[in-house]
Amino acid sequence: MENIWTLLPFFDVGVIAAVLARFTGMNLSMAVLLSLLYIGGTPVEVVLTMLVFNTFTYFTVYTQQHVMGIKELTFFPGLKMVIPLIFTIAVAVVSPFLGIIIFIAFFLAETFARMYSTMDGRSRPNKRDIVRLTVAAAALMSVGTALVQWFPAEYYYLFAGLLILLFALFMGMAGNRRKYVSLWDAVLYGSALVTGLCGIVADDWFAAMKREKESLLSKVYPIVIYSAMIAALLVGYGIYGYFPVGALFTTIGSALTIRFFGVYDYGTRGKFSYLALGMTVLAVLIFWLVQPVPTGLPEVAPVSSSIFQW
């Protein structure tokens, strides 16, 4: 019972962030990041929580926009879907963390297969290109995840807010779809490093402001960035040995809200939403005035190496 009350703030973070993102256009991961820091998250706790939250939530958002029936799955259609579920449970008996990661990876793979199959076969990147792009993004994200431990925790909220403002500034400058074409891949790769440093993933914003001439990376950016997160999660767990159980409840709160209210519909023509930019800047300014103290996220009973010892 004590753990239920401990996990409630994580659930509330997911609900509040998803409502804010739905009705203002603020990026969901930015809203969650500020909320986790507000309740006392330290840099390492926040980053690993964000990585788990982002990967789970992307599956929720994608299936909200593109309904996938069980029979439409690529690798495990119909009753075969029980195969990854059984395998996940079997691994979780030994390592709950790896069980969760495998569960995420299975369903992200189904999402990406569906996404890839809907692309124009004449212009979509080949699978070897996707692997190459993913390896580069995973390396950058893993570096960011490894470096965050050395950032002074008491100033991390300033750093996170500054990164969010830089995203907003860039979106405001990117209204002309013919500008920054040669820099777009550098921006996308740079965002992978930022994800490792603070957990922000702005795939929805980048998709809304895509260039007139798309690169290979921009065409498959969600596949690349979320696959890279799986690698960064493994690296982060290997370095810190921290499994953010609360992230699962943040995801539940966000997923339920998304199912009820949907997601913000970003336009893909013209300038970026002034409402989204305005609310994002306002949220950061208010957040800076609050000056949160990194006391640590609410502590949950530790997840042990075996599910039988929970």
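Let's start with Gln 291, which counts as partly exposed because its relative accessibility is 49%, and exposed would need over 50%. Gln 291 sits in the segment after α13, the helix that covers 274-290. What is the phi of Gln 291? Near 55°, a positive value in a residue other than glycine. For context, most residues other than glycine have a negative phi. Please keep in mind that this is a predicted model.

There is another residue of this kind to show you. Tyr 180 has a phi near 65°, again positive and again not a glycine. Where is Tyr 180? In the loop between α7, residues 156-173, and α8. Arg 178 is found in that loop between α7 and α8 as well. Is Arg 178 buried or exposed? It is exposed, because its relative accessible area is 59% and the cut-off for exposed is over 50%. If you'd like a distance to try in your viewer, take the C-alpha atoms of Arg 178 and Ile 286: they are separated by 34 Å, and the two residues are 108 positions apart along the chain.

Now back to Tyr 180, since Tyr 180 also belongs to an aromatic cluster. Ring pairs link Tyr 180 with Phe 167, Phe 170, Trp 184, Phe 206 and Tyr 221. In the protein as a whole, the count comes to 21 aromatic pairs. A pair of aromatic rings is described by the distance of the centres and the angle of the planes, so let me give you both for two examples.

My first example is Phe 97 with Tyr 237. These rings are stacked, at 3.8 Å centre to centre with 10° between the planes. The pair links distant parts of the chain: Phe 97 is in helix α5, residues 96-117, and Tyr 237 is in helix α11, residues 221-240, which puts them 140 residues apart. How do the partners differ in exposure? Phe 97 is buried, with a relative accessible area of 3%, while Tyr 237 is partly exposed at 30%.

The second example comes from the cluster. Trp 184 and Phe 206 form an edge-to-face pair, 5.9 Å centre to centre and with 85° between the planes. Trp 184 lies in helix α8, residues 184-198, and Phe 206 in helix α9, residues 203-208, so this pair ties together parts that are 22 residues apart in sequence. Trp 184 and Phe 206 are both buried.

Let's zoom out to the whole chain. How many helices and strands are there? The secondary structure comes to 13 helices and zero strands, so if you read along the sequence you just meet α after α. On overall dimensions, a compact globule of 310 residues would have a radius of gyration near 19 Å, and the protein chain agrees, because its own value is 19 Å. Along the principal axes, the C-alpha trace spans about 55 × 50 × 35 Å.

What about burial and contacts? Of the 310 residues, 49% count as buried. Among contacts with a separation of 6 or more, 84% are between residues 24 or more positions apart.

Last, the surface and the charges. The chain exposes about 14,900 Å², and carbon and sulfur atoms supply 68% of that. There are 19 positive and 15 negative charges, and their mean positions are 15 Å apart.

Conventions. Residues are numbered from 1 along each chain as its sequence is written. This is a predicted model: local features need pLDDT of at least 70, side-chain atom pairs count only at pLDDT 80 or more; totals for chains, interfaces and linings use all residues. Side-chain values use heavy atoms; hydrogens and water are left out. Helices (H or I, at least four residues) and strands (E, at least two) are DSSP runs, numbered from the N terminus. The radius of gyration is taken over C-alpha atoms; the globule rule is 2.2 Å times the number of residues to the power 0.38. Buried means under 20% relative accessible area, exposed over 50%, partly exposed in between (1.4 Å probe, protein chains only). Contact means heavy atoms within 4.5 Å. Accessible areas come from the Shrake-Rupley method with a 1.4 Å probe; for residues, only the protein chains shown count as cover. Lys and Arg count as positive and Asp and Glu as negative; His and the chain ends are not counted. The place of a charge is taken as NZ of Lys, CZ of Arg, CG of Asp or CD of Glu. Rings of Phe, Tyr and Trp (its six-membered ring) pair if their centres lie within 6.5 Å; planes under 30 degrees apart count as stacked, over 60 as edge-to-face and the rest as tilted.
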